[in-house]
Amino acid sequence: MILSYKIKHNYDIREFLDSYKHLLQKAIDIVWDNIEWIERRQRNYYMIKCGKRKIKKHYYVERLIPIIPKSREFKRNLRNSLLKDWKYASHYVDSAIKVAYSIINSWKRNYLKGKRKGNKPIVKRRFVRVKGTLYVYRDGKIRITIKPRELYLEFDLSNAWFKNRIKGCDLGELVLKECMLIITFKKPARKGSAVEYIGWDLNLYSLDGFSPKHGWIKVELGYLYHIHRVHEIKRKRVQSKASKKYSLKPIVSKHGERERNKAKDFIHKLTTQLARTFPNTEHGFEDLKKRGMYNKRKKHNRDITKQNWKTIIQYMNYKSKIKLVNPKNTSSTCPICGDKVVKLRKGRVVKCKKCGLTLDRQLCGAINIYLKMCGFHPSPTIFYRVVTKKMIPQWKIWMKRGSGVTTKGDKGDDILPMNPRGEQSLMHPKGLINQKLLIPIKVYQT
């Protein structure tokens, strides 16, 4: 597990950061000039409708593939050329080479996926990645070498607010910025494998999960959407004035920074609460990509842009164990027979025409994600053994208490036997966690 914390400082290191920025850009320029471009034939396809069926049509294109130089001799010559005019510690050159290759490799992956053009990456931010050979951590203090035997930076962690959280942790790589130092710690992972599994369906205004032990878990994300929407309105007002008055442009960037900070704070609290509420649990998430979700509707595209799905997965990754599954047809496939489902109630409810299963669309997606992460395929036997059979003891407990849901449900096309939001539902939702917590997490015994 990786933990990271920030410490503010008052050192004047602007010249050093500018020098490192130019060094990093120079390393990228040299590697970019030595990239070999190879022309290859690539097979692509597009879909066409033929009645009710969809047919794949294939075509071939000639594409340039970049080959990045990575030989020892090239890296040695690169290091020697970067050391000529460098006046600080020589290990920063090794750090710059490592970061340059990381940036170019990231560009290549996105270029091959069609997300980037063939333009050279440009360094815009000022930062320095400090290797383990450039600092000493002793008696709760960090000493970073800028110039050997001339210039050092010292940071005292003995009185830091996170000192109790880093006991038994190893210090990792540091990131030095103009006003702060980002410190990373390596914490040993908890022993023991996951004993529970929860599949999470990521939606616009909620995070819906399912597990046989807890049933339907619903986390409201309305406040997170509210943060983005409020700052969008404020930023729009300031932008209209800033277009006429240049001095108001810094206020526009401030609104963006406040929006990001508030969203990150909410997600940190949410993921921490989920990890504590469901210990020893493996969480399954969809590997969503926003690029494939955009369409011609402006409002829909803006709603997709406001989502923080990747950030939720990223923060959960170091607080608990996660698993990514393919998001294809998770909300449009029946978890019993695997057939396509039809939408009712303006898409809030789905029904399978083959087996007759009717349930909430978000719950359907959560069940399918749970089955996928456990390695099961849709079938009546697996659904009964994995979902229904394990839920029967929960139903019996709730029936003894005088509340719960019947196994048959009510008759009707869009009356949900498993939907707690239906008007004639027999189920009474119960909160699982303490009501004093900031983020409401509701658990419905389905």
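Me: Taking two strands as paired if DSSP finds at least two bridges between them, which residue stands opposite Thr-358 in S17?
Reply: In this predicted model, the residue opposite Thr-358 in S17 is Lys-351. Strand S16, which covers residues 349–352, pairs with S17 in the antiparallel sense, and this pairing runs over three bridges.

Me: And what is the strand order in that sheet?
Reply: The sheet is open and has three strands in the order S15-S16-S17, with antiparallel pairing. Its edge strands are S15 (341–344) and S17 (358–360), each of which pairs on one side only. From one strand to the next, the twist averages 30°.

Me: Which strands does H8 lie across?
Reply: Helix H8, made of residues 361–373, lies across S16 and S17, and the angle at which H8 runs to S17 is about 95°.

Me: Switching topic, how many residues are in the largest nonpolar core?
Reply: That core has 52 residues, and those with the most contacts inside it are Tyr-92, Ile-144, Leu-176 and Phe-185. Helix H3 gives the most to this core, contributing 10 residues. There is also a second, separate core of 24 residues, which includes Trp-200, Phe-266, Leu-270 and Leu-274.

Me: Why would such side chains end up together?
Reply: As a general tendency, nonpolar side chains in soluble globular proteins tend to be buried together.

Me: Back to H3, what span does that helix reach, and what is expected?
Reply: Helix H3 (residues 91–112) has 22 residues and reaches 32 Å from its first C-alpha to its last, which is close to the 32 Å expected at 1.5 Å a residue. Just after H3, Gly-114 takes a positive phi of about 85°.

Me: Which H3 residues are buried, and what do they pack against?
Reply: Among the buried residues of H3 are Tyr-92, Val-93, Ala-96, Ile-97, Ala-100, Tyr-101, Ile-104, Trp-107 and Tyr-111. The buried residues of H3 pack against helices H1 (14–33) and H2 (72–83), and also against strands S2 (36–50), S3 (53–67), S4 (128–130) and S6 (141–147).

Me: Why would buried positions recur every three or four places along a helix?
Reply: An α-helix has 3.6 residues a turn, so residues three or four places apart point the same way.

Me: What about H1, which residues are buried there?
Reply: The buried residues of H1 include Phe-16, Leu-17, Tyr-20, Leu-23, Leu-24, Ala-27, Ile-28, Val-31 and Trp-32. The buried residues of H1 pack against H2 and H3, and against strands S2, S4, S6 and S8 (170–176). Helix H1 itself has 20 residues and reaches 29 Å from its first C-alpha to its last, close to the 28 Å expected at 1.5 Å a residue.

Notes: Residues numbered from 1 in each chain as written. Predicted model: local features only at pLDDT ≥ 70, side-chain atom pairs only at ≥ 80, totals over all residues. Heavy atoms only, no water. Helix = DSSP H or I, 4+ residues; strand = E, 2+ residues; numbered from the N terminus. Expected span 1.5 Å × (residues − 1). Buried < 20%, exposed > 50% of the residue type's maximum accessible area, 1.4 Å probe, protein only. Contact = heavy atoms within 4.5 Å. Core = buried A, V, L, I, M, F, W, Y, C linked by side-chain atoms within 4.5 Å. Pairing = 2+ DSSP bridges. Axes fitted to C-alpha atoms, helices over the stretch in contact; angles between N-to-C directions.
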